[in-house]
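Q: I've got a fold open on my screen and I'd like to learn how to read it, feature by feature. Can we walk through it together?

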Amino acid sequence: MRNWARLLIGGVLGVVIGSGSAIWSVRAGSLGAQNAIGPWVTGRDFGTAAASDYTRAVVALRGLLALPASEARYYTAGTDSSGQPLRGNCTYRVTGGALPAKWWSITLYDRAGYLVPNPANIYSIGSASLTADETARWTVVISPARQPGRWLPTGSAEPFELTMRAYLPADRGKGDLTAAQLPNINREQCA
């Protein structure tokens with residue numbers, strides 16, 4: 001084979017492999033430089049002017065409209081509190097308390113970052129729906145079957161992720177919530 005053909009094949013393979021690995025990395029990517037806090041993970045640089053090109057690519061692909069950290073902090077969980085992946089055929093009890101933020105929400109997504117269709121059309125639970133008595137200690141049950149109380153359906157997601165947004169954090173987004181402040185995610189049973 002001639003030198004120019006080898007160079008051409010090598011160049012094409014380099015571009016294909018490089019592009020493929022970059023696309024895979026962004027699609028499988030997490031939100032930038034990460035802090036793991038129990039089952040929750042948060043990025044340190046999204047919603048900031050210092051966000052890397054990688055973080056910006058992940059945010060653009062996943063559709064997360066990252067507000068500045070002073071306005072919202074984002075926490076994502078793909079596992080329960082014992083480290084097991086979140087599965088759509090299981091029931092989970094998510095328990096938490098008052099957060100140092102004006103309000104918060106928990107939303108269920110598939111691993112590609114899309115809302116999971118479900119017959120109840122319930123996609124998120126937020127602090128605005130809690131009574132004054134519930135704000136200090138609240139529970140949300142995540143399950144494929146309807147549950148009494150606050151319920152977030154898993155639809156057909158297998159596996160899924162939870163995203164918790166803490167809006168207008170008390171520290172203006174300068175730090176992360178602690179493990180004691182973030183909700184626990186406990187698996188109860190699987191079908």
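A: Sure. Let's begin with the word contact: two residues are in contact when heavy atoms of theirs lie within 4.5 Å. Keep in mind that this is a predicted model. In the protein chain, looking at contacts between residues at least 6 apart in sequence, 72% join residues at least 24 apart.

Q: How many helices and strands does the protein chain have, and in what sequence do the elements run?

A: There are 2 helices and 10 strands. Reading from the N terminus, you get α-β-β-α-β-β-β-β-β-β-β-β.

Q: Now the sheets. What is the general idea of strand pairing?

A: Strands of a sheet pair through backbone hydrogen bonds, and the sense is either parallel or antiparallel. Here, one open sheet has 6 strands in the order β1-β2-β3-β9-β5-β6, with antiparallel pairing. The edges are β1 (34-37) and β6 (124-126); each has a single partner strand, so one side of each is left without a neighbour in the sheet. On average, neighbouring strands of this sheet are turned by 25° against each other, direction ignored.

Q: Which residues could I click on to see the pairing in that sheet?

A: Try a few pairs. Strands β2 (residues 40-43) and β3 run antiparallel and are joined by 2 bridges; there, Trp40 has Ala77 of β3 as its bridge partner. Between β3 and β9, also antiparallel, you'll find 6 bridges, and Thr76 stands opposite Thr163 in β9. Further along, β5 and β6 pair in the antiparallel sense over 3 bridges, with Ser105 opposite Gly126 in β6.

Q: And what is the strand order in the open sheet of 4 strands?

A: That order is β8-β7-β4-β10, and the pairing is mixed. Its edge strands are β8 (151-153) and β10, each with a single partner strand, so one side of each is left without a neighbour in the sheet. Neighbouring strands are turned by 20° against each other on average, direction ignored. For a parallel example, take β7 and β8, which pair that way over 3 bridges; Val141 has Trp151 in β8 as its bridge partner.

Q: How do I read the two faces of a strand, and which residues of β3 sit on each side?

A: In a regular strand the side chains alternate between the two faces of the sheet. For β3, one side carries Ala72, Tyr74 and Thr76, while the other carries Arg73, Tyr75 and Ala77. Both faces are covered, with these residues all buried. Put as a count, 6 of the 6 residues of β3 are buried. For the protein chain, 39% of its 191 residues count as buried.

Q: What about the largest nonpolar core: which members touch the most others?

A: Ile142 and Leu162 do, in a core of 28 residues. At least two residues of this core come from each of β3 (72-77), β4 (90-97), β5 (101-110), β7 (137-143) and β9 (160-169). Leaving aside neighbours within four places in sequence, the contacts of Ile142 include Cys90, Val94, Leu108, Leu152, Phe160 and Leu162.

Q: Polar residues next. Is Thr107 buried or exposed?

A: Under 20% relative accessible area counts as buried. Thr107 comes in at 6% relative accessibility, so Thr107 is buried. Thr107 is in strand β5, and its side chain makes a polar contact with the side chain of Ser124 (3.1 Å). Beyond its neighbours within four places in sequence, Thr107 is also in contact with residues including Leu115, Tyr123, Glu161 and Arg165.

Q: Last one: which cysteines form the disulfide?

A: A disulfide is a covalent bond between the sulfur atoms of two cysteines. A search of the whole structure finds 1, and that disulfide joins Cys90 to Cys190, S to S 1.9 Å. Cys90 lies in strand β4 and Cys190 in strand β10 (residues 184-190), so the pair ties together parts that are 100 residues apart in sequence. The torsion about the S-S bond is about 100°, so the disulfide is right-handed.

Q: And are Cys90 and Cys190 buried or exposed?

A: Cys90 has 0% relative accessibility, so Cys90 counts as buried. Cys190, at 36% relative accessibility, counts as partly exposed.

How values were computed: Residues numbered from 1 in each chain as written. Predicted model: local features only at pLDDT ≥ 70, side-chain atom pairs only at ≥ 80, totals over all residues. Heavy atoms only, no water. Core = buried A, V, L, I, M, F, W, Y, C linked by side-chain atoms within 4.5 Å. Buried < 20%, exposed > 50% of the residue type's maximum accessible area, 1.4 Å probe, protein only. Polar contact = N/O pair within 3.5 Å; in protein donor to acceptor, adjacent residues only side chain to side chain. Disulfide = S-S within 2.5 Å. Pairing = 2+ DSSP bridges. Axes fitted to C-alpha atoms, helices over the stretch in contact; angles between N-to-C directions.
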